[in-house]
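Subject: Structure for you to look at

Hello,

The sequence and structure are below, for you to keep. My notes on a few places in them follow.

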Amino acid sequence: MTPCQVCGEPLPEGASFCPNCGSPVGSPLGTEERKMVTVLFADLVDSTGLAQRLDPERAREILGLFFEAASEELLALRGRAEKFIGDAVMAVFGLPTVHEDDALRAVRAGLAIRARTRRLSQALGLTNEPLDVHVGVESGEAATGLGPAGQLLVTGPVVNAAARLQAAAGPGEVLAGETTVALTANAVSYGDRRQATAKGFHGDTIAGFPVQTLTPRSARRTIPFVGRSSELAILRESLHRATSTGHPVLVSVLGEPGIGKSRLADELVAGLDDDVPVLTGRARPFTDTATFAPAATIVAELAGLEEDEPPEKTRRRIHELADRTVPPGDAKRLVERLALLFGMAEQRTHASFVQDVQAGFVALVDGLAREKPAVLVFEDAHELRPPMLELIERLGSPARSGQRKALVLALARTSLLDERPAWGTTTANAVRLRLEPLSSDESFDLARQASGRRIEDAEATEIADRAGGNPFFIIETTGMLLPDGSDTGASAPRPSLPPTVQAVVAARLDHLDPRLRELTRRASSFFVSFDMHELRTIDPEATGDEIRQLEEAEILVPEDDARPVGRWRVRHATLKEVAYASLPKRERVRLHQLIADRLAETGHRSWAADHLELAAIASLDLDRDDRTVPERAADALLDAGDHARRRTEGRTAIDYYERALALAGSEERWGVREARALAGIGEARYWLGEYPPATEVLGRAVELGREVDDPFTLSLALRFLGDIAINVEADVDKAEKLLDESLAAAEAMDEPWACTRTLLFAGWVPWTRGDHEAAEKIWRRALEVADPEDGWARVRALNSLSINRTGSDRIEPDPEGALREALELSDEASALAEEIGDQFSIAMTTVQRGRILDDQGRFEESIPCFDRAIAVFEDLGARWELGDATAERGIAKRELGRLDEAEEDLRKAIRISEELGERQLASWTWRALAQVSERRGDKEEAEQRLRRSREAEAQGPR
């Protein structure tokens, strides 16, 4: 039977509404988010008897009064009455925002509805047969989204569980489920466990616990952890799930600065067993990659690396880490991949940098978390770059083989979801926790605890009222009001509490010694942390004693509390932001340029560009006509974008280029730099498969490149426009003109690198027309022109020549000889790809080898080739290549008689082709599907698919 989309109960055939929860059948429910919610069902006891005893109008009036009373109690406790079903109400706590005490408020709502119903019964004079309710409450993960009428709805087993608990509750009883009990154990007293009938659950039963009474919360022994018990329970349950299932869980803890994200993670870590490794990824500067700095921090900690260690010692320690983490046969590759984080890789190309770093770090975590659990904490995730965020999501997805018993915590501001609305949705187990401000009572309690009971209740109340429920601000304000321990014989006047967060933290800074305050303000210009040498770059008079004083004042903290490493950071992001805001903008210009100069001297160009950008923004605020600093910053951002693009960090490259353009001023003044930035954006979007925006920005690059007469821009932009013309627009004549112009621009520069790449693209023009001799000449020329060290281009030239051998009998009339020569070229390309270590090149040559094996009838041998390539393309997000390889694998499976598997692969390839809007794959893939239908004996379906193939071919490149 079909289950209800809301509660999961089986639906009778032909039902228009669910008889269990009342939801319309077949309503289109779209999932927007998975959340931890608490669901409450409250039902009048013996409502049928009530209807029989009373006049229908009177019964309806009483039912309306009950619904009104229940709604008021729910609203008072921030519950959401989702629907009224007969004589029952269903409510949800946690929509639209999760609170730490959702479960407790739901239990309190159940008790309040019970009490309100009894008072209503007395008021109505129903003394002989009084009104009463039975209530069920359960918490759990649910899918949330908009229902048919645009209202927020929740779906999932938690809804059915709450309904079953309500049905099992006795008159006047509030029955809570196991998860609700776990989340409220410190605040609610429960009776003995009992089992309730619940079809579809394990053993067709569900555990329920009757609520007895609310109990006061016990005071914690450590100070600032207040009001986050339910979130802590969720983290512990998530770790338990990861440990018991072997599948990782990604928990995103979201909230404003100072709300307690790191404190929550610290509380979890403090309760772990000693043998559970905790790996904390921070935005550590001055590794070889700003993009993967958190991963580099973790690797450095595991390997015991210190800063400025000689390369041979660093490599040795990474090798020791690999030896104790992964099997011996995998250690060498892991060392090469992790060494990329520290600029010591032996590969000669940047093209596979992102995928190699990601694959290496995932392999490291898999080795650590295969047998025992591990916890990974990534701080300030909202500041991380796309490849690092993708790596975190990948860590939260199940391992391809074996187990990954990892709890992955991403601590971030809510702006992370503004930039990445789908964050975490691609992982199998993902939880989002939004930390809300503390309540007035919790804020008061925190202020009293933080002061050691040394401030009066009136002062604690004032702090709670003005701090807005932010734990950090409460602690900072309380600390400011505490006596400083000095005995001067007279009490100094205390400053008044400022009305805003800015004023609270600024007041704390204002109470520092003037010299220490100035040092703090200057230190706030560093992005993350600093050592003494870096600090003296911007403040030559800084001393170790001043650092010590700022540590004692809890303004600065060591970057690593476990061991002294000689690096410090401002204690909290909010404190840092307030200190930075107090800097005059002209001083910001000076400080950021000083830091950028040092970073550039030490080879950290991307970090330098980030600082120059801030200097430029401040400079423009001061004088829009002074372009000195903005011009320098735009140059640096362009350079950083080029660096990221060469490493195939497409999203990062786009970000740098767009920031460079934002500083470039009005488009009327744009020149060569801006033209190259547009071309770089176009190339990055091309490789990401974003063809429409790539076409638009490449067109802008060509237009500007012609205006400023820049052959570099023209060669690059026209090259990718030419390929889009073939594969997306299906216009070979247009492609030929674009690629001819690209080649002319490349030759005008006398640049082998540019000439080779344009020739590689240009060869597909005659090949698409069936002129394989002309294609052969172009690709041979590309091979001749390519720099001997340009392995990337040489691989592609050899692979293209191999494809050309299998694609025509004009070059080699002997088919067996053609395939033999094609295989030799493919083997040469594959060997070179392995040598340069570029995963994309390896996968590309592996697909070609699989094709040749197919042509030789060696289908069993070809499938592993396609499997390997598909895995790489999936990791890289190379959608077109993934579709191509998947279709080829489907053909091989068809020839082996594995028709269902072939059908699946070929259909997937067509879906990818349609999503990309390209015109190469569809025609021959539909033809291959038609042959699957023929082998099944379905002639009608085969003809339909052949017709689709002909239609696609008619729209293909000509």
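F530 has W568 of strand 17 as its bridge partner. The model is a predicted one, and everything in this email should be read in that light. Next to that pair, D531 is bridged to R567, again in strand 17. Strand 15 and strand 17, the latter covering residues 567-570, are antiparallel and are paired over 2 bridges.

On strand 16, V557 stands opposite R569 of strand 17. Strand 16 and strand 17 are joined by 3 bridges and also run antiparallel.

Put together, this is an open sheet of 3 strands, with antiparallel pairing and the order 15-17-16. Which strands stand at the edges? They are strand 15 (530-531) and strand 16 (556-558); each has a single partner strand, so one side of each has no neighbour in the sheet. As general background, strands in a sheet pair through hydrogen bonds of the backbone, in a parallel or an antiparallel way.

A helix packs on this sheet: helix 20, residues 544-552, touches strand 15, strand 16 and strand 17. The direction of helix 20 makes about 100° with that of strand 16.

The next item is a helix pair. Helix 10 (residues 328-339) packs with helix 11 (residues 353-369) at an angle of about 125°, and their axes are 8 Å apart. An angle counts as roughly perpendicular from 65 to 115 degrees and as roughly antiparallel over 145; helix 10 and helix 11 are therefore oblique to each other. Their crossing is left-handed.

From helix 10, the residues that make the contact are L334, R337 and L338. Helix 11 contributes D356, V357, A359, G360, F361, A363 and L364. Sorted by class, the contact between helix 10 and helix 11 has 7 nonpolar residues, 1 polar and 2 charged.

The last item is a single residue, T652, which lies in helix 25 (residues 650-662). Is T652 buried or exposed? Its relative accessible area is 3%, and the cut-off for buried is under 20%, so T652 is buried. Leaving aside residues up to four places away in sequence, T652 touches T291, R385, P386, P387 and A644.

Regards

Notes. Residues numbered from 1 in each chain as written. Predicted model: local features only at pLDDT ≥ 70, side-chain atom pairs only at ≥ 80, totals over all residues. Heavy atoms only, no water. Axes fitted to C-alpha atoms, helices over the stretch in contact; angles between N-to-C directions. Helix = DSSP H or I, 4+ residues; strand = E, 2+ residues; numbered from the N terminus. Parallel < 35°, antiparallel > 145°, perpendicular 65-115°, else oblique. Left-handed = near helix turned anticlockwise from the far one by under 90°. Contact = heavy atoms within 4.5 Å. Nonpolar A, V, L, I, M, F, W, Y, C, P; charged D, E, K, R; others polar. Pairing = 2+ DSSP bridges. Buried < 20%, exposed > 50% of the residue type's maximum accessible area, 1.4 Å probe, protein only.
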